[in-house]
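Okay everyone, thanks for coming. I'll put the structure up and then walk you through a couple of spots in it.

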Amino acid sequence: MSTAAATAPSLRAGTVLADLIPASRARDIALVVGGAALTGLAAQLSVPVPGSPVPVSGQTFAALLVGTALGARRGFLALALYAVAGMAGVPWFAQASSGYGMPSFGYILGMLLASTVVGALARRGADRSVLRTAGAMVLGSALIYAVGVPYLALATGMTFGQAVAAGLTPFLIGDALKAALAMGALPAAWKLVGRKG
């Protein structure tokens, strides 16, 4: 192995994709703000689901990618900024909504947790192979639902079974497709970086 390859950031343990950009406070601020903005933009790719107060949107996919690419700390901060700004009135939750009184707000809280966990897993290399990326995405999605579905039940007065039917079941196929996209994109990005390093 060459000396350059041995010291390339892409090959160091504990590195996430964002670490490949030269370190600075400005970089970290830009990554956090950019991660929040990406999540807000992706949330606007939204389609109502008949019989459910929760739309299908791109925000869950963005939240998981932000956490994986930025790492746990920056991923948490990006999703915290997204949540706080949305609660303060920035209309960048799904369907250009804002506030915290909506039944789907629990999913946003779940995204905050999920981005942190997948970011920690990415620091352990979970985004560098197809199977490990799939595991991280499945776990991240499960965390989003673990917070979002009970919140939906409490916010709407649904039974837990009704909340599962309205806030989980209709989204499983879409989540599988999002996981498949991540399974291809993240390991491919690392392979590309490895070749350049």
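So, which residues form one aromatic cluster here? They're Y82, W92, F93, F105 and Y151. Keep in mind that this is a predicted model, with 5 aromatic pairs in the whole structure.

Let's start with Y82 and W92. Their ring centres sit 5.4 Å apart with the planes at 45 degrees, so we call that pair tilted. Y82 is in helix 4, while W92 is in the loop between helix 4 and helix 5, 10 residues apart. Y82 is buried, at 0% relative accessible area, and W92 is buried too, at 17%.

Y82 also pairs with F93, this time edge-to-face, at 5.2 Å centre to centre and 70 degrees between the planes. F93 is in that loop as well, so this pair ties together parts 11 residues apart in sequence. Both Y82 and F93 are buried.

Next, empty space. The search of the whole structure turned up 1 cavity of 30 Å³ or more, with a volume of about 50 Å³. Helix 3, helix 6 and helix 8 each give two or more residues to its lining. Among the lining residues are F61, M137 and K178, and the full lining splits into 4 nonpolar, 2 polar and 2 charged.

Last, how far to trust this. Mean pLDDT is 89, and 93% of residues reach 70 or more. Helix 4, where Y82 sits, has the highest mean of the elements, 97, and helix 1 the lowest, 40. Over residues 1–10 the pLDDT is below 50. Where pLDDT is low, don't read the predicted coordinates in detail.

Terms used:
Residues are numbered from 1 along each chain as its sequence is written. This is a predicted model: local features need pLDDT of at least 70, side-chain atom pairs count only at pLDDT 80 or more; totals for chains, interfaces and linings use all residues. Side-chain values use heavy atoms; hydrogens and water are left out. pLDDT is the predictor's confidence in each residue, from 0 to 100. Helices (H or I, at least four residues) and strands (E, at least two) are DSSP runs, numbered from the N terminus. Contact means heavy atoms within 4.5 Å. On a 1 Å grid over the protein atoms alone, a cavity is a set of points where a 1.4 Å probe fits but cannot get out, and a pocket is an open set with protein on both sides within 12 Å along at least five of seven lines; lining residues have an atom within 4 Å of a point. Grid points are joined across faces, edges and corners, and a volume is the space filled by probe spheres set on the points. Ala, Val, Leu, Ile, Met, Phe, Trp, Tyr, Cys and Pro count as nonpolar, Asp, Glu, Lys and Arg as charged, and the others, Gly among them, as polar. Rings of Phe, Tyr and Trp (its six-membered ring) pair if their centres lie within 6.5 Å; planes under 30 degrees apart count as stacked, over 60 as edge-to-face and the rest as tilted. Buried means under 20% relative accessible area, exposed over 50%, partly exposed in between (1.4 Å probe, protein chains only).
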